[in-house]
Amino acid sequence: MTSALHICMLVLIALDSADERVYPAATWETRAPEAVGLDPKALDAVAAFMGGRGCVVRHGYMVYTWGDAAKRGDVASAAKPWFVHFLFLAVEEQKLSGLDVKASRYAPSLASINAELDYKDRGITFRHLANQTSCYGVREKPGTAFDYNDWQMALFFDSLFLGVYGTPYADVDEQVLHRLLTDPLGCEDNPTLLSFGADHHPGRVSVSPRDFARFGWLYLNEGRWGGEQLLSRRYARMAVRSPLPASLPRTKGEQAEMCPDARTIGSGKIPDNQTDHNGSYSWLWWVNGVDRDGKRNWPSADKDVFAALGHRNGMRGMAVFPSLDLVISWNDTVIGDMPKDSNPLDQAFNLVQAAVREEKH
């Protein structure tokens, strides 16, 4: 029988091991690619394929950059996992009693729209908003279908940051983003939730590739940063390991009434129904799941890869390779102009994995 002392020793060893992990301070500590088991020429191939600008982190070190990895820029829908991070944090800090709190508490007009649909929007919860299953602006009931919808993302942002956190747009960076996330991560390039200012699409994140990589490194380490657990392992794991079931249907995209003060965080289409989840959408992260036809999202990539993706084909974003202890972040790439059916991200991820010259962790 394992003794209590032995168990305590194992726990202490695990904690010590976690503390020995490398995290960036005011700047990233650098290593040559070869020093962390990566082929620099293969990384050149990654950069040439993607274009734009970006960086690669392995074992906590900045090992490769291309273009200007310090340049801040809008990341479009790749910002969405940041919203979920603050949702989970709000629950942990008891600002919100749970994920199934009704959004109408913070957006009261949800309770009075769509009378002919039995006031369906009264049932929208934060869980629905954080998985794009709220069916806001379309006719299905919350939780019954998937609708990738930038009007519902604005509803999520406003309900969370203005409602739960009680912070006006103009102060959301200082009071929430910086204080609770980017300052603890030591971000270098002043990320913002106001890419285009407080009066135009608030909630759009502008961040440099090297700062976005810090967010990825936080989730690769399951919410831990140095000696501190910034988000519980439970939520950090759940965020990237809980894809919607492949059987969940996509909405028909038939328009329904929205709140009188409805706004969008990007797309202006009404109704908005941009894409399917393909069995690979987990709390606004994209993961390497399997769709209704048994096809994997990125067939060439490791099964545990997850990513925050924005704009066409994911031309802006960040991806985490847990099995490789690696994060890659990028912006302004040319992959947005590649044919969608060519799965350019799968090609890029395959090139990343081909750069590894040592055994996987």
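Mentor: On a 1 Å grid over the protein atoms alone, a cavity is a set of points where a 1.4 Å probe fits but cannot get out, and lining residues have an atom within 4 Å of a point; a volume is the space filled by probe spheres set on the points, which are joined across faces, edges and corners. This model is predicted: local features need pLDDT of at least 70, side-chain atom pairs count only at pLDDT 80 or more, and totals for chains, interfaces and linings use all residues. Residues are numbered from 1 along each chain as its sequence is written, and side-chain values use heavy atoms, with hydrogens and water left out.

Trainee: How much space lies in the largest cavity?
Mentor: The structure holds one cavity of 30 Å³ or more. Its lining includes Tyr136, Trp151, Gln255, Met258 and Asp272. The space in this largest cavity comes to about 40 Å³.

Trainee: Which residues lie closest to the centre of the largest pocket?
Mentor: A pocket, unlike a cavity, is an open set of points with protein on both sides within 12 Å along at least five of seven lines. The largest pocket has a volume of about 1,000 Å³, and 37 residues line it. Two or more lining residues come from each of α3 (80-92), α5 (150-164), β9 and α9, where helices (H or I, at least four residues) and strands (E, at least two) are DSSP runs numbered from the N terminus. Closest to the pocket centre are Thr275, Trp286, Asn313, Gly314 and Lys340.

Trainee: Pro344 has its place in helix α9; which residues is Pro344 in contact with, leaving aside its neighbours within four places in sequence?
Mentor: Pro344 has a relative accessibility of 3% and counts as buried, a word that means under 20% relative accessible area, while exposed means over 50% and partly exposed in between, with a 1.4 Å probe and protein chains only. From C-alpha to C-alpha, Pro344 and Gly314 are 8.7 Å apart in space, although 30 residues separate them in sequence. Once neighbours within four places are set aside, the residues in contact with Pro344 (heavy atoms within 4.5 Å) are Phe49, Asn313, Ile335, Met338 and Pro339.

Trainee: Which elements do the buried residues of α6 pack against?
Mentor: Helix α6 covers residues 172-182, and eight of its 11 residues are buried. Among them are Val172, Val176, Leu177, Leu180 and Leu181, along with Asp173 and His178. The packing partners of these buried residues are α3, α5 and α7.

Trainee: How far apart are the end C-alpha atoms of helix α7?
Mentor: Helix α7 is mostly covered, with 11 of its 12 residues buried, including Phe212, Phe215, Trp217 and Tyr219. The expected span of a helix is 1.5 Å times one less than its number of residues, and for residues 209-220 this gives 16 Å, which agrees with the distance in the model. The end C-alpha atoms are 16 Å apart.

Trainee: Glu222 comes just after α7 and takes a positive phi of about 55°; with which side chain does the side chain of Glu222 meet in a salt bridge?
Mentor: A salt bridge is a side-chain nitrogen of Lys or Arg within 4 Å of a carboxyl oxygen of Asp or Glu. Glu222 counts as buried at 16% relative accessibility, whereas its partner, at 43%, counts as partly exposed. At 2.9 Å, N to O, the side chain that Glu222 meets is that of Arg233.

Trainee: How many residues apart in sequence are the parts tied together by Asp332 and Arg53?
Mentor: A search of the whole structure finds 19 salt bridges, and one of them joins the side chains of Asp332 and Arg53 at 3.0 Å, N to O. Asp332 lies in the loop between β11 (326-331) and α9 (344-354) and Arg53 in strand β1, so the pair ties together parts far from each other in numbering, at a separation of 279 residues.

Trainee: Is Arg53 buried or exposed?
Mentor: Its partner Asp332 has a relative accessible area of 38% and is partly exposed. Arg53 has a relative accessible area of 5%, and is therefore buried.
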